[in-house]
Amino acid sequence: GTWHYSDSWTFASGIVDGWDKFDPVVNRAAYLGGVVYTPEHEKYTVALSLITGDEDGAAPPVEGNRTMYSLVFSWNINESTQYVAQHDHGIQSNAAGGTSEWYGLNQYLFYTINDCWKAGLRGEWFRDDDGTRVAGFRPGNNTPGGHSGHFYQITAGLNWTPTTNLTVRPECRWDWFD
């Protein structure tokens, strides 16, 4: 549900069937909500969102509360340039070894070329304290399970939007891990 309290304030609230799941083993409702503030001049927007609920985890099965918030600041520098900063912070209780935590900061700079094309740069820093959010296999890495540490990314790309409901987003990306 969405409630437009005023021209400057919008509130959203809802229930979802967990997160990071397509077909969960156990269905658990989670709360999803947020608030968006846009001043009258509309040069910037501040949004805060939250998801929280009991999650059943993956392997090994974990049952506990998982909560994450995102804080997003979007600034229209001029008619064609936009800056966005996003901070995320999450906590998983009952994870392997106790409570797990992760957080990060993303920064974006977009330049609108015309109605169909937008160029973008992104820099990202992500910290997974306990290896609960970064996992998986890749060529040369045969270690299953989580990976704790600092993760970095720089991306440059173009957004092509030929219609209002389709965006194609090719990018060049450089990732590294500390």
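A residue counts as buried when its relative accessible area is under 20%, as exposed when that value is over 50%, and as partly exposed in between. Keep that scale handy for the close-ups below, and remember that this is a predicted model.

**Figure 1. The whole chain is built from strands, with 0 helices.** Start with the overall view before zooming in. The chain has 11 strands, so reading from the N terminus on you meet β-β-β-β-β-β-β-β-β-β-β. Of the 178 residues in the chain, 25% are buried. The accessible surface adds up to about 11700 Å², and carbon and sulfur atoms own 57% of that surface. Now think about who touches whom: take the contacts between residues at least 6 apart in sequence, and 38% of them join residues at least 24 apart.

**Figure 2. Four charged residues, R122, E171, R173 and D175, link up in a network of salt bridges.** Side chains of opposite charge can pair when their charged atoms come close. Follow the network one pair at a time. R122 meets E171 through their side chains, at 3.8 Å from N to O. Why does this pair tie together parts that are 49 residues apart in sequence? Because R122 sits in strand 8 (residues 117-128), while E171 belongs to strand 11 (residues 171-177). E171 also forms a salt bridge with R173, where the closest N and O atoms are 3.9 Å apart. R173 then has a salt bridge to D175, this time at 3.0 Å from N to O. Are these residues buried or exposed, or somewhere between? R173 has a relative accessible area of 48%, which is under the 50% needed for exposed, so R173 is partly exposed. E171, at 36%, is partly exposed, and D175, at 43%, is partly exposed too. A search of the whole structure turns up 4 salt bridges.

**Figure 3. A nonpolar patch sits on the surface.** Which residues form it? They are Y111, I113, W117, L158, W160, L166 and V168, and together they have about 620 Å² of accessible area. Strand 9 (149-163) and strand 10 (166-168) are the elements that each give two or more residues to this patch. Pick out L166, which is found in strand 10. With a relative accessible area of 43%, L166 falls between the two cut-offs, so it is partly exposed.

**Figure 4. The largest nonpolar core has 6 residues.** Look for W19, A30, I51, W102, F126 and F151, which make up this core. Now zoom in on F151. Leaving out residues up to four places away in sequence, F151 touches E124, W125, F126, D128, V134, W176 and F177. F126 turns up in both lists: it is a core member, and it is one of the residues that F151 touches.

**Figure 5. A47 lies in strand 4 (residues 44-57).** The relative accessibility of A47 is 21%; that is not under 20%, so A47 counts as partly exposed rather than buried. Which residues is A47 in contact with, once neighbours within four places in sequence are set aside? They are V35, V36, S70, L71 and V72. You can also find Q86 in this view: the C-alpha atoms of A47 and Q86 are separated by 9.4 Å, although the two residues are 39 residues apart along the chain.

**Figure 6. S8 is found in the loop between strand 1 (2-4) and strand 2 (9-16).** Is S8 buried or exposed? S8 is buried, because its relative accessible area of 19% is under 20%. Not counting residues up to four places away in sequence, S8 touches V36, Y37, T38, P39 and E40. You may recognise V36 from the previous figure, where V36 is one of the contacts of A47.

**Figure 7. Two cysteines, C116 and C172, close the set.** A disulfide is a covalent bond between the sulfur atoms of two cysteines. How many disulfides does the structure hold? The number is 0. C116 counts as partly exposed, at 30% relative accessibility. C172 has a relative accessible area of 59%, which is over 50%, so C172 is exposed.

Methods: Residues numbered from 1 in each chain as written. Predicted model: local features only at pLDDT ≥ 70, side-chain atom pairs only at ≥ 80, totals over all residues. Heavy atoms only, no water. Patch = residues over 30% accessible without salt bridge, like charges linked within 9 Å, V, L, I, M, F, W, Y side chains within 5 Å. Areas by Shrake-Rupley, 256 points an atom, 1.4 Å probe, with all protein chains shown as cover. Helix = DSSP H or I, 4+ residues; strand = E, 2+ residues; numbered from the N terminus. Buried < 20%, exposed > 50% of the residue type's maximum accessible area, 1.4 Å probe, protein only. Core = buried A, V, L, I, M, F, W, Y, C linked by side-chain atoms within 4.5 Å. Contact = heavy atoms within 4.5 Å. Disulfide = S-S within 2.5 Å.
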